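Colleague: I would like to learn how to read the features of a model. Please take me through one, feature by feature.

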Amino acid sequence: MSVPRLVIAAPSSGSGKTTVATGLMAAFAERGLAVSPHKAGPDYIDPGYHALATGRPGRNLDAFMCGPELVAPLFAHGSAGCDLAVVEGVMGLYDGAAGRGELASTAQVAKLLRAPVVLVVDASSQSRSVAALVHGFASFDPQVRLGGVILNKVGSDRHEAMLREALEEAGMPVLGVMRRAPQVATPSRHLGLVPVAERRADAVAAVAALAGQVRAGCDLDALMALARTAPPLDCAAWSPRDAVSAVPDAGGRRPVVAVAGGAAFTFSYAEHAELLTASGAEVVTFDPLRDESLPEGASGLVIGGGFPEVYAPELSANEPLRKAVADFAASGGPVAAECAGLLYLARSLDGKPMCGVLDADARMSERLTLGYREAVAVTDSSLAAAGTRLRGHEFHRTVIEPGAGAEPAWGFTHPERRVEGFVRQGVHASYLHTHWAARPSVARRFAEAAAAHR
């Protein structure tokens, strides 16, 4: 399997990775290329902008949650048939899971994909020192192939000339120079960029502006030539059907699994829907902000991550749907809720009535909860049998009280020991974001529970 590919990395967060990666995706797509977008790490928001830039699903490559062995197969699955793949890194090039060495770092992903790395450097406060910085990143791990740099926030022609001279002495190609410019309008709030689904028209304009900046400042031909130097990957593409052991067609109507979407519930991994489909389910999206009933025939309900705290008044005002969700849960229907879904199932969120499925209340907090988790299922549920082990990720500025029910969803074993979440009848609700490709039996178990409930 051979797809030309680049990993866009940086010395640290805030250097301009997302600007450059999204702009490159859009600029190459404008040339008529089929561009496969990827994001290292667990982030949900950047892939939304990548999808807008390319017209293809943004996919995550997370070596902690899925294991290093799945990074290349998942990449091959997402990039099949494409002319180019662009992978946006996470944090600094060598930053990964805390205390785990290179695990889940951009560098590890680049090595697993045998992909050349382009380093985006914020050059706003340096000149010749840029060569020392780039030399350090290039030599730190000889297995990481640094193919060139893109200089960001360059102030003037003279500044550019000094930077180029220093990097020429260091033998490092300059593949692009981005001048200091007003920031393209990509507003942020408490958990990062505002998702595409909440500002689609503005996001389309922002992505077009990023493409223009990159087109003007970067050598697209040289970048494509570098991407073509990536050798073939010696692995088979991941297959959702193979991952769930090729569930046979029962010959009858497929169970309908309703998946929450819309502006309030934007966080999901593309592989989840693919695994549910391969497990025999029909996946249908609904919008809790607009729809007053669940999709017809729904026998399973997935409510993933997002920003219900931003839309609490609107979600609360949709009483018919809140009642439909509560009735579905009371009937024993399988419900898988992660983070935003947990808040929506609570009795209240910031004082606004929610679905009342859980005897718990949620509110915004000043404290950011962020990090990878190792977890084991404490209670048998529609999602996982007790004892099932998964790795996941927490990312929220809310708290729910109590934090766990009489039958908790997960027991965390690292980095701290505690129980978390709720299992009640068919409901599995938790703050933990998981990637089902790491444990496809989760998707199959849920689809089977939906079929049984139907």
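Modeller: We start with the overall fold, then turn to helix burial, backbone angles, cysteines and enclosed space.

Modeller: This is a predicted model, in which local features need pLDDT of at least 70, side-chain atom pairs count only at pLDDT 80 or more, and totals for chains, interfaces and linings use all residues. Residues are numbered from 1 along each chain as its sequence is written, and side-chain values use heavy atoms, with hydrogens and water left out.

Colleague: How many helices and strands does the chain have?

Modeller: Helices (H or I, at least four residues) and strands (E, at least two) are DSSP runs, numbered from the N terminus. Here the chain has 14 helices and 22 strands. The radius of gyration is taken over C-alpha atoms, and the globule rule is 2.2 Å times the number of residues to the power 0.38. For 454 residues that rule gives 22 Å; the chain comes to 23 Å, which is close, so it is as compact as a globular protein of that length. Along the principal axes, the C-alpha atoms fill a box of roughly 70 × 45 × 45 Å.

Colleague: What share of the residues counts as buried?

Modeller: Buried means under 20% relative accessible area, exposed over 50%, and partly exposed in between (1.4 Å probe, protein chains only). By that cut-off, 57% of the 454 residues are buried.

Colleague: And among contacts between residues at least 6 apart in sequence, what percentage joins residues at least 24 apart?

Modeller: Contact means heavy atoms within 4.5 Å. Of the contacts in that set, 75% join residues at least 24 apart.

Colleague: Take one helix. Is α4 mostly covered or mostly open?

Modeller: First the general idea. An α-helix has 3.6 residues a turn, so residues three or four places apart point the same way. Now the case: α4 spans residues 106-113 and is mostly covered, with 6 of its 8 residues buried. Those are Thr 106, Ala 107, Gln 108, Val 109, Ala 110 and Leu 113. Their packing partners are β1 (5-9), β2 (35-40), β3 (59-61), α3 (68-79), β4 (84-88) and β5 (117-122). Arg 114 follows α4 and has a positive phi, near 50°.

Colleague: Which other residues should I look at for positive phi?

Modeller: Lys 153 is one: its phi is near 60°, and it is not a glycine. Lys 153 sits in strand β6 (residues 146-154). Its relative accessibility is 29%, so Lys 153 counts as partly exposed. Gln 425 also has a positive phi, of about 50°. Gln 425 belongs to the loop between β20 (422-424) and β21 (427-430). At 54% relative accessibility, Gln 425 is exposed.

Colleague: Where do I find cis peptide bonds?

Modeller: Read omega. From Glu 401 to Pro 402 the bond is cis, with omega near -5°. Pro 402 is in the loop between β17 and β18 (410-414). The bond from His 414 to Pro 415 is cis too, with omega near 5°. Pro 415 is in the loop between β18 and β19 (418-420).

Colleague: How many disulfides does a search of the whole structure find?

Modeller: A disulfide is a pair of cysteine sulfur atoms within 2.5 Å. The search finds 0. Take Cys 66: the nearest cysteine sulfur, that of Cys 235, is 14 Å away. Cys 66 is buried, at 5% relative accessibility. Cys 218 is buried as well, with a relative accessible area of 9%.

Colleague: How do I tell a cavity from a pocket?

Modeller: On a 1 Å grid over the protein atoms alone, a cavity is a set of points where a 1.4 Å probe fits but cannot get out; a pocket is an open set with protein on both sides within 12 Å along at least five of seven lines; and lining residues have an atom within 4 Å of a point. Grid points are joined across faces, edges and corners, and a volume is the space filled by probe spheres set on the points. This structure holds 1 cavity of 30 Å³ or more. The largest cavity has a volume of about 50 Å³. It is lined by 11 residues, and the closest to its centre are Gly 306, Glu 309, Cys 339, Leu 343 and His 396. β17 gives the most to this lining, with 4 residues.

Colleague: And the second largest pocket: how much space lies in it?

Modeller: About 870 Å³. Of its 41 lining residues, the closest to the centre are Phe 265, Thr 266, Phe 267, Ser 268 and Tyr 269. The largest share of the lining, 5 residues, comes from α2.
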